[in-house]
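Here are some notes to help you find your way around a structure you have not met before. Please keep the viewer open as you read, and take the points in order.

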Amino acid sequence: MKIFNQIGRKSIGWGFSVAFALLLPSCDSDKLLHPVPETSITGTNAFETPERVLGLVNGIYKSAKGGNFYGGNYYTYSEVRGEEFINRTSNTFTAFEAWNHTLNASSNFIAGFWASGYETINNANILIKGIGEHPGVVSETLAKQYVAEAKFVRALSYFALVTAYARPYNEDQGASKALPLRLQAETTTANNDLKRSTVAEIYAQIIKDLDEAEAGLPLNYSTALLNTTRAHRNTAIALKTRVYLNSGQYAKVIEEAQKIVSTAPPFAAATGVKHQLGNIVEIFTTNYTSTESILSVPMTELDNVTGQTSFPYVINANSEYNLNPTGIWGEPEWRMADLRRTFARTASGVQFLTKYAKPSPFLDYLPILRYSEILLNYAEAAARTGDLATATALLNAVRNRSDASYKFPKEATGTQQALVATILKERRVELLGEGLRSIDILRNLVPFPAKSGNGLVAPEVLPSQTNYVFPLPNTEIITNKLLLD
């Protein structure tokens, strides 16, 4: 089902917007009878000025910031399917059905997440088409950059969808049917019926978009805020390391990572935004725009996600999920001296994650890409391809940033198998509560572990079971006659 809500305007990415619909041109007599105010934006004048085009660019980020997407629920549903959190409320509006793996095709989130993803994709498609049809409104350099930003956001959106609704790439090298691949700008329902492309075809389009985005994006912006909230060259490279890791293409992970990771510690990007590890506490409390923050969803008092769609509200403020004492929080090798242990509060004898600790109106930025993840992506790929020295150095950089005196025991890094397992465990520590746990479980084709607490039980889910991935939404099944072909 195509979504036609259109995008809006503001001066920085992910900001609040004035929504508008793309309308077909009207006849002259209709214009006389129903004059359009000069401040109104329609399909006929949306690309008329540089300011309006910039508004459309920022609108695609705004669309991705929706409550069911990267602004909130996507993090909640991705995290609680794993084993790190215990549900406390049985509230279907805050992902209980995801926690206990009973989501169905009629679930509100299943429909809402799908709709938000395709709305963002269509907005990107409209921007790409419109810029091509209105040459000269902005400079050639800006036009190239804006198209690159649209392709980046489209790739980010497709990756979120394909890793949730489709079978894992590593199960059959992407041969399974996945999603409709919509690359045209749509303003009517004329092309609504569309077959699903395969997982491999979706991944190929994601990489194509990211390669082209990398070529067209700027090296950096004029402020740290823009470097964190809009895509630049290193943002596209960083996302490619995640995509390639997810599809088991480890040599490609290394190739991309080496563009933004130096050959020796202290690891840092040599070109573009000078990404490097920062103070882990400050990154989540006072410095959302540090050089470690490659891409984040910003929040302001005028533009934020609140209530039951807010991840900070659900995971912390309203105490709907406590940390699982038998999950990574209970890992003995994660020492109390580690600064990442400070991201918790204790209430009623259990711990709650406080990476997002600001009270209402919940102004914590939500991280999409951090430099520490890129180091761990690189480390895992290096370990899986036999470069244990590089993998160990990258692993140590991430751990020692938060626990300077820690040394991994020899048995944790001495063999390829042990090192890979240790890196996977470090991902659970470092990226806890950042929306990646389900993705890691799925790409490694391991079960979702059983979990229990507060009188509630969620069963183990095996890769062979249908609820290992999200069901296709009824809203799409009903409106897209070719979806199940």
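1. Let's begin with strand 8, residues 366-370. In this predicted model, 5 of its 5 residues are buried, so the strand is largely enclosed by the rest of the structure. Its partner is strand 4, which covers residues 293-297: the two run antiparallel and are joined by 4 bridges. If you would like one bridge to look up, take Ser296, whose partner in strand 8 is Pro367.

2. Strand 4 also leads to a residue outside it. Asn227, found in helix 9 (residues 224-229), touches Ser293 and Ile294, among others. Its further contacts, leaving out residues up to four places away in sequence, include Asn220, Tyr221, His232 and Val273. Is Asn227 buried or exposed? Its relative accessibility is 12%, so it counts as buried; the cut-off for that class is under 20%.

3. Another pair of strands is worth a visit. Strand 6 (residues 344-347) and strand 7 (residues 350-353) run antiparallel, with 4 bridges joining them. Ala344 has Leu353 of strand 7 as its bridge partner. The two strands form a hairpin with 2 residues between them, and in the turn Ser348 has a positive phi of about 55 degrees. While you look at these strands, a general point may help: in a regular strand, side chains alternate between the two faces of the sheet.

4. Now to helix 5, residues 108-133, where you will find Thr120. Thr120 has 0% relative accessibility and therefore counts as buried. What does its side chain make a polar contact with? The partner is the side chain of Ser63, at 2.9 Å. Not counting residues up to four places away in sequence, Thr120 touches Ser63 along with Ile60, Ala64, Phe69, Val153 and Ser157.

5. Asn123 is in helix 5 too. Its relative accessible area is 0%, so Asn123 is buried. For a sense of distance, try Asn123 against Val314: they are 191 residues apart along the chain, and their C-alpha atoms are separated by 29 Å.

6. Next, the nonpolar cores. The largest has 127 residues, of which Phe113, Phe152, Tyr165 and Leu179 touch the most other members. Which helix gives this core its largest share? That is helix 6 (residues 140-165), with 16 residues. Apart from this core lies another, of 6 residues, including Ile441, Phe448, Val461 and Val469.

7. Leu179 deserves a closer look. Setting aside residues up to four places away in sequence, the residues touched by Leu179 include the aromatic side of the list, Trp114, Tyr118, Tyr158 and Tyr165. Leu161, Val162 and Ile202 are touched by Leu179 as well, and so are Lys195, Arg196 and Ser197.

8. A search of the whole structure finds 28 aromatic pairs. In one of them, the rings of Phe96 and Trp99 have centres 6.0 Å apart and planes at 25 degrees, so this pair is stacked. Both residues lie in helix 4 (residues 96-99), 3 residues apart, which is about one turn of the helix. Phe96 and Trp99 are both buried.

9. Tyr313 and Phe362 form an edge-to-face pair, at 5.8 Å centre to centre and with 75 degrees between the planes. This pair links distant parts of the chain, 49 residues apart: Tyr313 belongs to helix 13 (residues 311-317), while Phe362 is in the loop between strand 7 and strand 8. Phe362 counts as buried because its relative accessibility is 5%.

10. Rings also meet a charge here. The charged end of Arg341 sits over the ring of Trp329, 4.7 Å from its centre. The charged end of Arg341 also sits over the ring of Trp334, 4.2 Å from that centre.

11. Finally, please look at Val80 in helix 3, residues 73-80. Val80 has a relative accessibility of 0% and so counts as buried. Beyond its neighbours within four places in sequence, Val80 is in contact with Ala95, Ala98, Trp99, Tyr321 and Lys451. Val80 and Asn45, by contrast, are 44 Å apart in space, C-alpha to C-alpha, with their positions 35 residues apart in sequence.

Methods
Residues are numbered from 1 along each chain as its sequence is written. This is a predicted model: local features need pLDDT of at least 70, side-chain atom pairs count only at pLDDT 80 or more; totals for chains, interfaces and linings use all residues. Side-chain values use heavy atoms; hydrogens and water are left out. Buried means under 20% relative accessible area, exposed over 50%, partly exposed in between (1.4 Å probe, protein chains only). Two strands pair if DSSP finds at least two bridges between them. A polar contact is a pair of N or O atoms within 3.5 Å; within protein, one must be able to donate a hydrogen and the other to accept it, and residues adjacent in sequence count only if both atoms are side-chain atoms. Contact means heavy atoms within 4.5 Å. A nonpolar core is a set of buried Ala, Val, Leu, Ile, Met, Phe, Trp, Tyr and Cys residues joined through side-chain atoms within 4.5 Å. Rings of Phe, Tyr and Trp (its six-membered ring) pair if their centres lie within 6.5 Å; planes under 30 degrees apart count as stacked, over 60 as edge-to-face and the rest as tilted. A charge sits over a ring if NZ of Lys or CZ of Arg is within 6 Å of the ring centre and within 35 degrees of the ring normal.
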